[in-house]
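I opened a new structure today and kept notes as I clicked around. Here is what I looked up, in order.

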Amino acid sequence: AVVSTQSTGVLVGKAIFKVQLQVVMIVLIFTADNLTRLEEGIASIPGIGPWLSAPVNDYLEKQRDKLHGSTPDDVNEGTTVLGILFNALIATMIVFFLLSIVQGLARQKQKELQRARYSPLHPEWSGGEDS
C-alpha cells in the first residue's frame, strides 16, 4: 500500500508540476523576441556571423510564414523542419518523464529490499523513515 501511494504521489507531482514547467519553458524559448535575439546573436559571431546570418534569417522567416499561414492550405502544405524538431523535443521529454518515473520506483523498491535484507543485522533500520 505504501508503494502505490508514494508512486501515485510521484506520478501526480511530475504530471502536474514538471510537465507544466516544461511547457512554459518551451513557450518562452520560442517567442518572437527570443528568436530575434538568436538571429542577432548569430549575426554578431566574428568572422562567419554576417555570412551565416542571412540564410538563418531567411529560413526562420519561411518557418514563421508556414506556421502562421493565412489559409489552412498554407499550414497543411507540408511538415516543417521546425515542426519535426518540436515533435522530437516533446517526444524526448515524454520519454525522459517516463524513465524518471521508472527510475524513482526502482530506487524505492531497492531501498525496501535492502531494509528487509539488513534489518535483522541492524534493528535501528527497521521501521524508520526514508533517509
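Is F86 buried, partly exposed or exposed? Before answering, I jotted down that this is a predicted model.

**Entry 1: F86.** I found F86 in helix α5. Its relative accessible area is 35%. Buried would need under 20% and exposed over 50%, so F86 counts as partly exposed.

**Entry 2: who sits with F86?** I saw that F86 belongs to a nonpolar patch on the surface, together with L21, V24, M25, L28, I29, F30 and L89. Together these residues have about 700 Å² of accessible area. Which helix gives the most to the patch? I checked, and α1 does, with five residues. Both α1 (2-29) and α5 (81-118) supply at least two residues each.

**Entry 3: the length of α5.** I counted 38 residues in α5. From first C-alpha to last, α5 reaches 55 Å, close to the 56 Å expected at 1.5 Å a residue. I also noted the buried residues of α5, which are M93, F97, S100, I101 and Q108.

**Entry 4: α2.** Next I tried the ruler on α2, residues 32-43. Its 12 residues should span 16 Å, and the end C-alpha atoms are 17 Å apart, which agrees. Which residues of α2 are buried? I got L35, E39 and I42. They cover an arc of only 65 degrees around the axis, so they lie on the same side of α2. I turned to the other side of α2 and found D33, R37 and E40 exposed there.

**Entry 5: S53.** I moved on to S53, which is in helix α3 (residues 49-67). Its relative accessibility is 10%, so S53 counts as buried. What does S53 touch, leaving aside its neighbours within four places in sequence? I listed E39, I42 and A43. I had met two of those names already: E39 and I42 are among the buried residues of α2.

**Entry 6: zooming out.** I finished with the whole chain. It has five helices and zero strands, so to my notes I added the order from the N terminus, α-α-α-α-α. Of its 131 residues, 11% count as buried. The accessible surface comes to about 10,100 Å², and 67% of that belongs to carbon and sulfur atoms. Last one: among contacts with a separation of 6 or more, 42% are between residues 24 or more positions apart.

Technical notes:
Residues are numbered from 1 along each chain as its sequence is written. This is a predicted model: local features need pLDDT of at least 70, side-chain atom pairs count only at pLDDT 80 or more; totals for chains, interfaces and linings use all residues. Side-chain values use heavy atoms; hydrogens and water are left out. Patches are made of residues with over 30% relative accessible area and no salt bridge: like charges are joined within 9 Å, nonpolar side chains (Val, Leu, Ile, Met, Phe, Trp, Tyr) within 5 Å. Accessible areas come from the Shrake-Rupley method with a 1.4 Å probe; for residues, only the protein chains shown count as cover. A salt bridge is a side-chain nitrogen of Lys or Arg within 4 Å of a carboxyl oxygen of Asp or Glu. Helices (H or I, at least four residues) and strands (E, at least two) are DSSP runs, numbered from the N terminus. Buried means under 20% relative accessible area, exposed over 50%, partly exposed in between (1.4 Å probe, protein chains only). The expected span of a helix is 1.5 Å times one less than its number of residues. The arc is that of the directions from the helix axis to the C-beta atoms. Contact means heavy atoms within 4.5 Å.
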